[in-house]
Amino acid sequence: MWSTGLGDPILWGAMAFLLNYIPILGPLTAIGIFLIAGILALDWPFSSPLPAALYTLIHLVEGELITPCCWQSASP
């Protein structure tokens with residue numbers, strides 16, 4: 001979040017960490033909050049959706065590529 005221009009990156013990271021434990025609704029809520037924060041804090045329309053887009057990209061890569069790959073190789 002710091003690289004996108006939003007302040008308090010530890011706050012945003014902690015919120016994303018906690019919301020990630022709620023299946024489906026947690027990440028959707030985080031995307032909505034990041035979108036609203038981007039609209040309120042950043043210039044529209046170029047950089048305001050960037051925090052939500054980056055979170056979505058990171059969440060999809062972690063959930064669809066990294067975690068299944070690690071769990072698959074750990075099984076006997």
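**Close-up views of a three-helix model**

**View A. Ser48 sits in the loop between helix 2 and helix 3.** Helices (H or I, at least four residues) and strands (E, at least two) are DSSP runs, numbered from the N terminus. This is a predicted model, in which local features need pLDDT of at least 70 and side-chain atom pairs count only at pLDDT 80 or more, while totals for chains, interfaces and linings use all residues. Residues are numbered from 1 along each chain as its sequence is written, and side-chain values use heavy atoms, with hydrogens and water left out. Ser48 counts as buried because its relative accessibility is 0%, where buried means under 20% relative accessible area, exposed over 50% and partly exposed in between, with a 1.4 Å probe and protein chains only. Leaving aside residues up to four places away in sequence, Ser48 touches Leu35, Gly38, Ile39, Leu42 and Asp43, a contact being heavy atoms within 4.5 Å.

**View B. The protein as a whole has three helices and zero strands.** Along the sequence these elements follow the pattern α-α-α, and the C-alpha atoms fill a box of roughly 50 × 20 × 20 Å along the principal axes. Of the 76 residues, 22% count as buried.

**View C. Eleven residues make up the largest nonpolar core.** Such a core is a set of buried Ala, Val, Leu, Ile, Met, Phe, Trp, Tyr and Cys residues joined through side-chain atoms within 4.5 Å, and here the members are Leu6, Trp12, Met15, Ala16, Leu19, Ala30, Phe34, Ala37, Leu42, Ala52 and Tyr55. Helix 1 (9–19), helix 2 (25–41) and helix 3 (50–74) each contribute at least two residues to this core, and helix 1 gives the most, with four. In soluble globular proteins, nonpolar side chains tend to be buried together.

**View D. Trp12 and Phe34 form an edge-to-face aromatic pair.** Rings of Phe, Tyr and Trp (its six-membered ring) pair if their centres lie within 6.5 Å, and planes under 30 degrees apart count as stacked, over 60 as edge-to-face and the rest as tilted. The structure holds three aromatic pairs; in the pair shown here the centres are 5.7 Å apart and the planes stand at 65 degrees, so it is edge-to-face. Because Trp12 lies in helix 1 and Phe34 in helix 2, this pair ties together parts that are 22 residues apart in sequence. Trp12 and Phe34 are both buried, and together with Tyr55 they form one aromatic cluster.

**View E. Helix 1 has a buried face lined by Trp12, Met15, Ala16 and Leu19.** Seen down the helix axis, these buried residues fall within an arc of 95 degrees, so they line one face of helix 1; the arc is that of the directions from the helix axis to the C-beta atoms. On the other side of helix 1, Ile10, Phe17 and Leu18 are exposed.

**View F. Helix 2 has 17 residues and also keeps its buried residues on one face.** The buried residues are Gly26, Pro27, Ala30, Phe34, Ala37 and Gly38, and they fall within an arc of 100 degrees seen down the axis, so they line one face of helix 2. The face turned away from this buried side carries the exposed residues Leu25, Leu28, Ile36 and Leu40. At 1.5 Å a residue helix 2 should span 24 Å, which agrees with the 24 Å between its end C-alpha atoms, the expected span being 1.5 Å times one less than the number of residues.
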